[in-house]
2 protein chains.
Amino acid sequence: MPQGTARKADYSDKSTKANILSLPLDAMEAERELHGYERWLINKLMRTAGTPPIRFRLWNGDLIEPEQSPARFTLHLKDHKAMYALVANPNLAFGDLYSAGRLDVEGDLPDLMESLYRSVHAARQKWPRWLDALWRNHNPRSTGITEAKENIHHHYDLGNEFYRLWLDQAEMQYTCAYYENADNTLEQAQLAKLEHVCRKLRLKPGMTVVEAGCGWGGLARYMARNYGVKVHSYNISREQLAYAQSESESQKLDHLITYVEDDYRNITGQYDAFVSIGMLEHVGKENYQALSELIKRSLKPSGIALLHSIGRNRPMLMNAWIEKRIFPGAYPPSIGEFMAICEHSDFSVLDVENLRLHYAQTLDHWTERFEARADEVTAMYDEHFTRAWRLYLAGSIAAFRAGSLQLFQVVFTHGDNNQLPQTRQELYTFPATPEGA
Amino acid sequence: MPQGTARKADYSDKSTKANILSLPLDAMEAERELHGYERWLINKLMRTAGTPPIRFRLWNGDLIEPEQSPARFTLHLKDHKAMYALVANPNLAFGDLYSAGRLDVEGDLPDLMESLYRSVHAARQKWPRWLDALWRNHNPRSTGITEAKENIHHHYDLGNEFYRLWLDQAEMQYTCAYYENADNTLEQAQLAKLEHVCRKLRLKPGMTVVEAGCGWGGLARYMARNYGVKVHSYNISREQLAYAQSESESQKLDHLITYVEDDYRNITGQYDAFVSIGMLEHVGKENYQALSELIKRSLKPSGIALLHSIGRNRPMLMNAWIEKRIFPGAYPPSIGEFMAICEHSDFSVLDVENLRLHYAQTLDHWTERFEARADEVTAMYDEHFTRAWRLYLAGSIAAFRAGSLQLFQVVFTHGDNNQLPQTRQELYTFPATPEGA
């Protein structure tokens, strides 16, 4: 894994905001007791966070119990500088400290995160404006064509081997699955997602589809194999495309699929369907009008578009740590913000479905597999990387469970297209989950 | 019908903008030929409207053919003052002139309107800003509690006898029906709509529902009868409520249904479901935040809300004539505008469905029945009234067909509610259309 060393640094702490962490630790200082004002700081922090049921265990073994309810979780702060970093910038430092092993969690990590999110969410309603503004004190990275390449490279070119360890074995889907039944396996649910999307697009043999951001190409192969359509799939992640192309050839689907290594903004031609699964989060609000115009010109008069994206109930910035360390440039839109894409080109929205809890379950399944292969991940990268990803997965589970993230599938078409299906009945006539998968 | 005389004036021309129409006609003038500059004015008007395939037949028999395509429809202008009124304010005068019988249409009225809407819609993309602004040169009437009463009285208190002539015989539904199959009758489709709504609300026996704006109370009776739920239904139209109450008693459903003659803003209590079918159009954008807070406090923690409303692909004012003469205070929101309701209270949108073409078909069915009873309508009111309603129905058919109006059903719940159905499968397990209806 040549990426291992090269990428390690991206997950470490290099930001100026958290540079308190890079000060050398003094062994004697690390043993000292908490000062009175430090205890006050911690209590103040927890009150701002809505007094979640979390106790602190300090470097010297001291405990600070929550002020209102009995503790359900314990945060172990391993040195006093970690405490200062957490108080100064909790949003970013929590992740950095956890990744560095200077903060640990006793209790179920997703449960703790969910409890924390719910508590902060409720408390925020009462925050003064300046504090709310401080909490949002960063802007996502730019998503111009050059930056988009770097942003995508940062996350998606970690190596196919890494993702293969814990994604589904069916089609390597790194997006929300669709669980028709709560006891579906990850493989069943990912295939059902692909089927559900094809049905929403009303695909018929011989149709043409363009896909913006194709991951490892699974949707394109599913469409070609099961619906006999011709697919053009765009992606700027070279590693993913290499895998996609080789799979397409070995499955003898390459006469139907063209994988294009290019930015979605360079899509040409007109198609019966425009689809994008899990790319809009990386597009950036400033590019929605351009995306709208792109879809307008790429879609035949009776064509249907589907965008599948993480979203919000209302406009809100991405968690600072996730945006900085995991997904540079990411921004999940509210439906209101999403509508900039539809309204700009007079598109008619046909169908919006929210699969929020399906993403929590998908992440549960990923986490289970990730933990089973954690030693291999650490061997490929290092302990810091493994801990960062563990937190990222847990935090995402928590965000979908607590309702701070949503998953929207939005179907739309040209405003004057009257070739519409009568109802959504056809989506549900047969199970979307394949038998025996 | 005591309303007949009282309400006639509302549909006549009294506005200052169109007061050119109230000038007395001079018999000699009415026979004269078109001046050169008048021909230029008509051609200019039609070019601004995107040169639709419409010819003018003038008061003296002269024809003005469209400039680009052969005519498919003929507009008969019966006097030259009508021409000036049309040129000066086409948006409002078209309806007033048609209602007064001073403008007539040869050819299918809904087809003409659809052709006109599509043509104007396409032309508008190229209009200068000032012209676009002029087109939108009115604001909807206020929808404060007092004005809302007047607005609703204007339209809904025309008399139950009038609506009974042409609405469905099943539940007197004056909102979009749901045609599972294109050949469903109006009665089948209206009952299917009620069923579809109940399924989206996931009703179970013993639950409680609050309804904002209940028309003649059909949904409340359907819910009580078929789902065994307790319903509180609010309406400010006294005539409608009298009918609703008497039906509820004669069907022995009054132990489950409470009809309340009050503004929806005075709803109290907490319910398992909040539903509003075809009222949001009358709420007014300035009241969306208050509506949001009302739903927030009226909905139990796991409650589901459904709003069913006429809407737009993007923000746009109601047609001036409809807003002035038919629906004072009406404003159909885009989804983006609708989201003000959801985002303000951190609601999570679960499902949006667009039933645009279902409303066109509903209006087709209403028109068919309306025309079969047109003589009775004229006897109840007068010819002016009948013509105004004929145009309103035809214009609405055209607007839904041309895509300038949409019909949205939006389902949402509290942002932290995790008691969600696994999928939308249950909406489609059995047909929503009752057998034998």
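How many residues of domain 1 of chain A are in contact with how many residues of domain 2 of chain A? It's 24 from domain 1 and 26 from domain 2, where contact means that the C-beta atoms, placed from the backbone, lie within 7 Å. Keep in mind that this is a predicted model: local features need pLDDT of at least 70, side-chain atom pairs count only at pLDDT 80 or more, and totals for chains, interfaces and linings use all residues. Residues are numbered from 1 along each chain as its sequence is written, with chains lettered from A and ligands numbered from 1 in the order in which they are written.

**Domains of chain A**
- Domain 1 covers 3–135 and domain 2 covers 145–427, with bounds from an automatic or database domain assignment.
- Their C-alpha centres sit 33 Å apart.
- On the side of domain 1 that touches domain 2, α4(A) gives the largest share, eight residues.

**Where chain A meets chain B**
- Here 37 residues of chain A contact 37 of chain B.
- β10(A) brings the largest share of chain A's side, eight residues.
- β10(A) also pairs with β10(B) (residues 347–354), antiparallel, over three bridges; pairing takes at least two DSSP bridges.
- A:Asp351 has B:Glu353 as its bridge partner in β10(B).

**A parallel pair in chain A**
- Strands β6 (residues 230–235) and β7 (residues 257–261) of chain A run parallel, joined by five bridges; helices (H or I, at least four residues) and strands (E, at least two) are DSSP runs, numbered from the N terminus.
- A:His232 stands opposite A:Thr258 in β7(A).

Definitions and conventions. Contact = placed C-beta atoms within 7 Å.
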